[in-house]
Structures are given as structure tokens and as C-alpha cells.
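Here is a quick tour of a protein model, written for someone who likes to check the geometry. Have the coordinates open as you read.

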Amino acid sequence: MKVLNSIKLFAQKVLRAQATKYTVVCLLGVLIVGFLDENSIWSHFKNKQRISDLEEEIEKYNSEYERDQAQIRELNRNPKAMEKIARERYFMKADDEDIFVLSDDDREAKPLESHETTE
């Protein structure tokens with residue numbers, strides 16, 4: 001009993017101390033700002049992850065842009081390249097020739113590129 005009373009008295013002294021109250025308030029404040037606030041450490045981590053995802057997406061679009069610009073330059077410089085694309089992708093032909101399209105039913109159709117549409 002004597003030990004329990006001494007522990008109880010010690011706990012009451014600690015809870016009544018001004019430093020303890022300030023410490024508890026400071027710890028709660030740090031926890032709230034650190035994890036629950038909109039500017040918390042957790043939201044900064046999510047934002048950094050989102051930034052890295054967006055930077056990867058920017059790199060992807062820049063590489064697509066460069067590829068498309070190179071293709072446009074080639075088409076402007078070489079009329080045979082335009083003819084090649086027209087024949088391969090759109091099955092266009094010259095007036096004096098016939099085109100036969102052979103297909104395997106087992107193969108899946110090649111998807112259209114993003115700038116092409118079906119009619």
C-alpha cells in the first residue's frame with residue numbers, strides 16, 4: 001500500500017507541474033501539425049511523390065514530341081516518306097495498282113496511334 005500511495009502522489013505532482021502541461025500541449029501541437037494538418041509531413045511526402053510522377057510524364061511527352069517533330073521534318077523533306085505512310089497506315093494506292101490486305105484472324109489488330117482516328 002505504501003508503494004502505491006507514493007506512486008499516486010508522484011503522479012499527482014507530475015500532472016500538477018506547469019512544465020508537464022506545456023510539454024503535453026507542445027507534443028499535441030507537433031502531432032497535429034506533423035500528421036493532421038494540410039501542410040503536414042504526410043502531405044509533403046504525397047506532394048513529392050506526385051511531382052516525381054508528373055516529371056516522368058513530362059519526360060514521356062517530351063520524347064513523343066521530339067519523335068513527332070522528327071517525323072514531320074522527314075515528311076516535309078522527303079515526299080517518299082509521306083507516300084510510305086499513306087500506303088502502310090491508310091492503305092492508299094496509286095491509280096495503276098491494286099492492294100491486297102492479308103490478315104491472320106489469330107493475331108490481334110494493331111492499335112491506332114493517338115493522333116489517328118477511325119472512320
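## Around Asn39

Let's start in a loop of this predicted model. Setting aside residues within four places in sequence, Asn39 touches Val33 and His44. The loop that holds Asn39 connects helix H2 (18-36) to H3. Is Asn39 buried or exposed? Its relative accessibility comes out at 51%, and the cut-off for exposed is over 50%, so Asn39 counts as exposed.

A little further on sits Ser43, which belongs to helix H3. A polar atom of the Ser43 side chain is 2.9 Å from the backbone oxygen of Ser40. With a relative accessibility of 14%, Ser43 falls in the buried class, since that class takes anything under 20%.

## The chain as a whole

Zooming out, the protein chain contains four helices and zero strands. Read from the N terminus, the order of elements is simply α-α-α-α.

How much of the chain is buried? Of its 119 residues, 6% are. The exposed surface of the protein chain adds up to about 11800 Å², and 59% of that area is supplied by carbon and sulfur atoms.

## Helix H4

H4 covers residues 79-90, which makes 12 residues. Does the length add up, and what span should you expect? At 1.5 Å a residue the helix should span 16 Å, and the C-alpha atoms at its ends are indeed 16 Å apart, so the two agree.

Which residues of H4 are buried? They are Ala81, Ile85 and Ala86. Looking down the axis of H4, the buried residues sit within an arc of 140°, so they line one face of the helix. Helix H3 (41-77) is part of what covers those buried residues. On the face of H4 turned away from the buried side you'll find the exposed residues Pro79, Lys80 and Glu88.

The ends of H4 are worth a look too. Asn78 caps the N-terminal end, with a side-chain oxygen 3.1 Å from the backbone nitrogen of Lys80. Just past H4, Phe91 adopts a positive phi of about 55°.

## Salt bridges

Side chains of opposite charge can pair when their charged atoms come close. How many salt bridges does the structure hold? There are two.

One of them joins Arg77 and Glu74, with an N to O distance of 2.5 Å. These two residues are three apart in helix H3, so about one helical turn separates them. Arg77 is exposed, at 63% relative accessibility, whereas Glu74 is partly exposed at 28%.

The other pairs Asp68 with Arg67, where the closest N and O atoms are 3.3 Å apart. Here Asp68 has a relative accessible area of 28%, which makes it partly exposed. Arg67 is at 48% and also counts as partly exposed, because the exposed class only begins over 50%.

Conventions: Residues are numbered from 1 along each chain as its sequence is written. This is a predicted model: local features need pLDDT of at least 70, side-chain atom pairs count only at pLDDT 80 or more; totals for chains, interfaces and linings use all residues. Side-chain values use heavy atoms; hydrogens and water are left out. The expected span of a helix is 1.5 Å times one less than its number of residues. Buried means under 20% relative accessible area, exposed over 50%, partly exposed in between (1.4 Å probe, protein chains only). The arc is that of the directions from the helix axis to the C-beta atoms. Contact means heavy atoms within 4.5 Å. A polar contact is a pair of N or O atoms within 3.5 Å; within protein, one must be able to donate a hydrogen and the other to accept it, and residues adjacent in sequence count only if both atoms are side-chain atoms. A salt bridge is a side-chain nitrogen of Lys or Arg within 4 Å of a carboxyl oxygen of Asp or Glu. Accessible areas come from the Shrake-Rupley method with a 1.4 Å probe; for residues, only the protein chains shown count as cover.
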